[in-house]
Amino acid sequence: MGRTLVTRRRLLIGSGTVTALGLLAACAPGGRSSSTASTGAVEVSTDIAGLPEQTLTVWDQETRGGQNEQMERLNAAFMEKYPNITINRVSQSFDDLQTTLRLALTGDDAPDVVQANNGRNTMGQFVPAGQLISLDPWVSAYGWDQSYSPAILSYSSYSADGTVFGEGSLWGLPQVGEAVGIYYSPSRLQALGLEPPATWEEFDGQLQTIKDAGQTPLMLGNVEKWPALHVFGPVQGAHVPAEQIRDLGFGNAGASWVTDKNLAAATQLQDWAKKGYFNEGFNGLDYDTVWQDFAKGAGIYLMAGSWLAPDLADVLGEDVVFMLPPASSETGRVATTGGTGLPFAITSAAKEPNAAAAYIDFITNADAMQVLADTGNVPVNDTAAFATDTISVTNDVMTAFDTLTTTGDVLPYLDYATPTFDQVLGDALQELLDGKSTPQEFLDVLEAAYTEFTGD
């Protein structure tokens, strides 16, 4: 989460009390008209126990071990508390959800609650299309403006027309915090006589040492193309000022990809590929296969998201550590890609928006944060409070996320930038890593897509 980029969002609360009437269209911050106008008025209420028996269909992408477990536990607890509401959970992988959600929202049997990627290619499209309901009317009713930091809320905020990202109405709430870091096995490092790197330059130097020892320095599965974004993000963070990355990541005007510092980042990433630091055939291997290979003993380092911690711990136990990419001498600060998990949003097809809002609150409130921590996830709120003294990769992640959000720079996922930047950047990174484009050509491609969107 970029704490310093985002301007504090102005939340105009539509319901002063939990029983007040909230006209969704009237609740958009800054007096902007809301795209939820088509849904009509909603009487905001947090008392859903008396609602008629009904089914709430929820689409999520929490398919992996700890992620799935927390959803199962929270859904069961919700239905126990509200026996009048049955959760129809439809869970699918991130990639499948990205493919199916857009069509589902326009169908006759659209879900009530969905996890929608924050970026301009997903939430940024659903908002102006009127496919989501603003959460503004329930913000004060559930105290989300108190439990969530303004910076976290900004990651799910858009103007009603979708042109402004980071400000405006609230369209979703996340459960977890995320950071891209470096996983390693202490026993594998010790076998090579290495210590965890203290600086970015030391990390870079170790890669050649590992290669010379006949080992694979970095594991990567990039057939889906997006995994390379999670490697390039920290590399870029080691060279480019965070504010410039945030402008580029949010698709806000005023920055440029064609700079010497971005060129240095692209060059370093391509050099890693040229020097054989990645596992063979990485651009043709899928993400899940490769991190599972790492868990089984392949490679020395895995640059990936904090969400893999529970699954890696299941296999490696205490022999796996998560660390933030160390600060470079160039920037002097820890900086890496991260933010929040996919936020949960109410669709405009929701049959009972108050039930949907109550569900979102139930899976994101303080009690839910404890369930998330208990199942190896990273609660987005009060993260440090859930860390224990136990040696575990889960505690590593919680401590790292707290460090990153308090003393470092959280960099946005770069595919947020434009409605098509996920494809543009994914394709460009594959080309760069395959040596089919030069670092300058890589930047030129990104610059063209970025400026076409921003109008610079």
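**Buried residues, cores and unusual loops**

Student: Is N395 buried or exposed?
Tutor: Relative accessible area decides this: buried means under 20%, exposed means over 50%, and partly exposed lies in between, with a 1.4 Å probe and protein chains only. N395 has a relative accessible area of 8%, so N395 counts as buried.

Student: What kind of model is this?
Tutor: Residues are numbered from 1 along each chain as its sequence is written, and side-chain values use heavy atoms, with hydrogens and water left out. Local features need pLDDT of at least 70 and side-chain atom pairs count only at pLDDT 80 or more, while totals for chains, interfaces and linings use all residues, and the model itself is predicted.

Student: In which helix is N395?
Tutor: Helices are DSSP runs of H or I with at least four residues, strands are runs of E with at least two, and both are numbered from the N terminus. Leaving aside neighbours within four places in sequence, N395 is in contact (heavy atoms within 4.5 Å) with F386, A387, T388 and T390. Residues 393–407 form the helix that holds N395, and that helix is α16.

Student: How far apart in space are Q206 and P196?
Tutor: Q206 lies in helix α8, residues 200–212, and at 5% relative accessibility Q206 counts as buried. Beyond its neighbours within four places in sequence, Q206 touches L189, L194, E195, P196, P197 and Y301. Q206 and P196 are 10 residues apart in sequence, and from C-alpha to C-alpha their separation in space is 9.4 Å.

Student: Which helix gives the largest share of the largest nonpolar core?
Tutor: A nonpolar core is a set of buried Ala, Val, Leu, Ile, Met, Phe, Trp, Tyr and Cys residues joined through side-chain atoms within 4.5 Å. The largest one has 50 residues, of which W272, F278, Y301 and F442 touch the most other members. The largest share of this core is 6 residues, and they come from residues 421–434, helix α17.

Student: How many residues are in the second core?
Tutor: This core is separate from the one that contains F442, and among its members are A116, F294, A304 and W307. The number of residues in this second core is 47.

Student: Which loop residue has a positive phi of about 80 degrees?
Tutor: Most residues other than glycine have a negative phi. D382, in the loop between α15 (366–374) and α16, has a positive phi near 55 degrees, and at 60% relative accessible area D382 is exposed. The residue with the value of about 80 degrees is also not a glycine; with a relative accessible area of 25% it is partly exposed, and in the loop between β10 (218–219) and α9 (229–237) we find K225.

Student: What is the radius of gyration of the chain?
Tutor: The chain has 18 helices and 15 strands. The radius of gyration is taken over C-alpha atoms, and the globule rule is 2.2 Å times the number of residues to the power 0.38. For 456 residues that rule gives 23 Å, and the chain is close to this, so it is as compact as a globular protein of that length, with a radius of gyration of 22 Å.

Student: What percentage of the residues count as buried?
Tutor: The C-alpha atoms fill a box of roughly 65 × 50 × 40 Å, taken along the principal axes. Of the 456 residues in the chain, the share that count as buried is 58%.
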